[in-house]
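Here is a friendly walk through a two-chain model. Keep the viewer open and follow along as we go from the whole chains to the details.

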Amino acid sequence: MTVADTRASARHGLGDDALWTVLLLAALAAYAGTRASPYDLRVLALAGCQALLVLGYQFIFGHAGALSLAQGAFFGLGAYVTAILGARYHWGFAATFPLSILAPLALAAVVAVPLLRLASHYFALATLGLAQVALLLVVNAGDWTGGALGLTGVPGIVILGEAVPRGLPLAAAVWGIVALGAWLSWRVTHGITGTAYAVLRTDPLAAAATGLAQTRLRFSAFLLSAAYAGAAGALQAHTVGVVSSETLEFSVMVTCLAMTVIGGSTRIAGALLGALLLTYLPEWLRFLEGHALLAYGAALLAMIILAPEGIAGVLGRAFAGRRRAPDLPEPVPAPPQESRSATLEARSLSKRFGGVLALDRVDLVIEPGEILGLIGPNGSGKTTLANVISGLVPADDGVMRLGSTGLRGLSAEKIALAGIARGFQTPALPPSLSVLELVALARASAAGKIGFLSSLLGRDAGKGRRRFEAEALDLLGRVGISSEADRPCGTLPAALAWRVELARALALDPGIIILDEPAAGLGEREQAELGAALREIAGHGIALLVIEHNMPFLLPTAHRIVVLDQGRVIAKGRPAEVVRDPSVIAAYLGRESLPA
Amino acid sequence: MVTILQLALNGLALGAAYALVALGFVLVLNATGAVNFAQGDLVMAGGYAAAALAAALPLPGLALLPIVIGTMALLGLAVSALAYFPLMRRPATAVFVSTIAIGLVLQNAALGLFGPEPRTAPPVWDSEPLRWGALALSPQALAVIAIATVLVLGQAWLLARTRLGRNLRATAQDREMAAALGIPVNAMIALSFALAAALAGAAGALLANQFFVTPTAGGALILKAYIAVVIGGWGSLAGAAVGALLVGLFETVVAAAVSYTAASALLYAALLLILLLRPQGLFGEAAGRRA
């Protein structure tokens, strides 16, 4: 994926996406109303069910970036709820449709709590196991489900008391619900929350540093995907009139996966294109009969290698490239938050990696407005200490408090939002996001305006987004980088990257900012600018913990210095005193000469 | 008592075949950090390769086995070239998807070539059951256990005692460091895929005699191999082999006592439970959230 592509997609491609979707839906309406035979209309309705299934799958696979293999099971569950309640108990659509959505939603909510903790293939195989259990249950609970033969006589859709007949009305009803689903999906993903998902799936470290509630975002994506799948299964049951265990077989799942990847896994138009294309392909190419899955497999492989952004992504890039980026808003200072200045206090922090004691009962106190330098030979535990304080690595023992807030056991994102912001030795900047997008994301994150509800209410889009962007621009001005607002983070040289990390940290309204070798790779003039920027920030009552090897930079900048050696604090005090401390000199001379 | 012994033998034979699948799984995962979702379908392909070769060549099952293993190793190289190397700089999910795609192609190619009817491969050891009092031991089951043992021990010897094995392990542990030491990292990764496919092919040829082979047989196998690996813990080949034997025994005994469905359902439920409670495996090192 090229930098230019995702930049376009994030900043204005989704506007294009809405346009493509509307055009596509209009073309389908024209086709259905004029040229389609009853058979065509049935195929169109089935394609609509698949489109809804894929729209849902985009949340967990496309946006959250987790390979769930349970989407087919949720689809089957929705279909069976409709079939059992409708065909056996003669319940009406008004009851069966909501229940067909609720049942997979409830199942997803129950399994999500443990499953979403699992990363990578653990999640994929656990969801596959879930799907297999569902299939076995349905085949073997024959009294209820009709076993392998399934259930027939599923009644049709009834809307507002009117039965919807097959043919055009049914296709229109299905696609009407697809359009509704597309609107909801657009609502949830076109604002800053959509950007949050992009960071979540590509750069977990950056997501933590931006204070994104990763578990909550994954949870809502998983639930949304299940709800859409249930609705799609119900509609398919109504369209076909029969539900059998085939709806739960793995082929349903892989077809959905192929549609999602081929159409485009994060664009709404991609869901529609993928579903239509793979539904119609066997219709157009009759020789594919019986071998459709072989073709899907080959196409899936080709797309994931050659065009992972899918057909919609390729189209979006081809057209979005010619559009001008929207004008930047006027910078607006962030509203003054209640002061986050508080003393960070760490007592007796210990951390062991296997047999190595990386931190040995470290005590550290940082007062508001203080610049504290953290030095020590390589491997002395400096970065481990920073990681423990920022929650990226759990401490084994000890106490951490910011003011009166206990920090032990909090997740990295919670600690970031609690007031401890973080910069990294290798900047953790998502390469495809623009500088402005990243810092606006951090503003929205600090304001708690990221997530399902906020996006549904539109607080992360439109005016809300403009406000966060305006505040972000103000922060970019403070660190002297407003001119680079539209530049993708991946193209920034070291001399600019530290400024962006600092702007993101400031965007979280921190009490403390931790920086890991910010001066590395900077020239003398840039070092001076960095020092001035740090002093300016400290002047506002924000404390800074700066890990650094570069003594000519650190000594005049820091108020106090703490020296770590082999995981222990061996000296602390004013810079001038610390560098003359015999134990410090010995620690450095043991391995290398004091870098001064 | 006699029944239990015979069940145990069958269970061990099944577990031994699962062990081959599970070892391939661990090999690729360690080398690439990605799961090969086509591993089950490679077993299926090995079964069909044995069945097709038996129809074409008038050779005993034991003589066909090396040919199957060699063919499957080549297929493994092809899988790495198509599904791994183009995606090695992308998130692991991309490789999951590409190997699922390969599995889909293999399944449906088998369906097109051989049809949906179950096929069977020749036994590796064709003789009357060995009788020992009331006990009748299936020679095929004994042969499966013996061959799987030889292959597993050979694998262990290769990894522990040879230069090639050291290079493979170094690549699995730290790819960049291995490359810096002059180890041809990409060749090692390709070799891991080839070995994994060869082991899967051997498992397929061995299983296809007793259990038949169908185009969709791979789906259940990948879960069972994964369960074996999860039980054993990701770091350890021995753990995976032990896990596979446990899965095979459990499946055979429960299938005989209750039903095959109950055995599968309980296994999948066990997988979910283990993932929830001890994602590092029952015996394994703490691999935690490693990808």
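In what order do the elements of chain B run from the N terminus on? The order is α-α-α-α-β-β-α-α-α-α-α-α-α. Please keep in mind throughout that this is a predicted model.

**The two chains**

Counting the elements of chain B gives 11 helices and 2 strands. Its radius of gyration is 18 Å, close to the 19 Å that the globule rule gives for 291 residues, so chain B is as compact as a globular protein of that length. Chain A holds 24 helices and 12 strands. For its 596 residues a compact globule would have a radius of gyration near 25 Å, and the 28 Å of chain A agrees with that. The table puts the values for the chains together.

| Chain | Helices and strands | Radius of gyration | C-alpha extent along the principal axes |
|---|---|---|---|
| Chain A | 24 helices, 12 strands | 28 Å | about 90 × 50 × 45 Å |
| Chain B | 11 helices, 2 strands | 18 Å | roughly 60 × 45 × 35 Å |

**Where the chains meet**

Now look at the place where the chains touch. Here 33 residues of chain A are in contact with 35 residues of chain B. On the chain A side, the elements that give two or more residues are α5 (120-140), α11 and α13 (292-306). Of these, α5(A) gives the most, with 13 residues. What classes of residue make up the side of chain A that touches chain B? That side has 25 nonpolar and 8 polar residues, and no charged residues.

**Two domains in chain A**

The domain assignment splits chain A into domain 1 (3-320) and domain 2 (344-429 + 509-591). Taken over C-alpha atoms, the centres of these two domains are 47 Å apart. Their contact joins 9 residues of domain 1 of chain A to 8 residues of domain 2 of chain A. Which helix gives the largest share of the domain 1 side? Helix α9 (residues 204-209) of chain A does, with 4 residues. By class, the domain 1 side of this contact has 6 nonpolar, 2 polar and 1 charged residues.

**A helix crossing**

Helix α11 (residues 250-263) of chain A, which we met where the chains touch, also packs against another helix of chain A. Its axis and that of helix α3 (residues 71-88) of chain A come within 8 Å and cross at roughly 115 degrees. The crossing of α3(A) and α11(A) is right-handed. From α3(A), the contact uses A:Q71, A:G72 and A:F75, while α11(A) brings A:F250, A:V252, A:M253 and A:C256. By class, that makes 5 nonpolar and 2 polar residues, with no charged residues.

**An open sheet**

Finally, turn to an open sheet of 4 strands in chain A, with the order β4-β3-β6-β7 and antiparallel pairing. Why do β4 (356-366) and β7 (405-406) of chain A each have one side without a neighbour in the sheet? Both stand at the edges and have a single partner strand each, so one side of each is left free of a neighbour in the sheet.

At one edge, strand β6 (residues 397-402) of chain A pairs with β7(A) in the antiparallel sense over 2 bridges. There, A:L402 stands opposite A:T405 in β7(A). Helix α15 (residues 382-389) of chain A lies across β3 (344-353), β4 and β6 of chain A. The helix α15(A) runs at about 65 degrees to β4(A).

Note on methods: Residues are numbered from 1 along each chain as its sequence is written. Chains are lettered from A and ligands numbered from 1 in the order in which they are written. This is a predicted model: local features need pLDDT of at least 70, side-chain atom pairs count only at pLDDT 80 or more; totals for chains, interfaces and linings use all residues. Two strands pair if DSSP finds at least two bridges between them. Two residues are in contact if their C-beta atoms, placed from the backbone, lie within 7 Å. Axes are lines fitted to C-alpha atoms, for helices over the stretch in contact, and angles run from 0 to 180 degrees between N-to-C directions. A crossing is left-handed if the near helix is turned anticlockwise from the far one by less than a right angle, and right-handed if clockwise. Ala, Val, Leu, Ile, Met, Phe, Trp, Tyr, Cys and Pro count as nonpolar, Asp, Glu, Lys and Arg as charged, and the others, Gly among them, as polar. Domain bounds come from an automatic or database domain assignment. The radius of gyration is taken over C-alpha atoms; the globule rule is 2.2 Å times the number of residues to the power 0.38.
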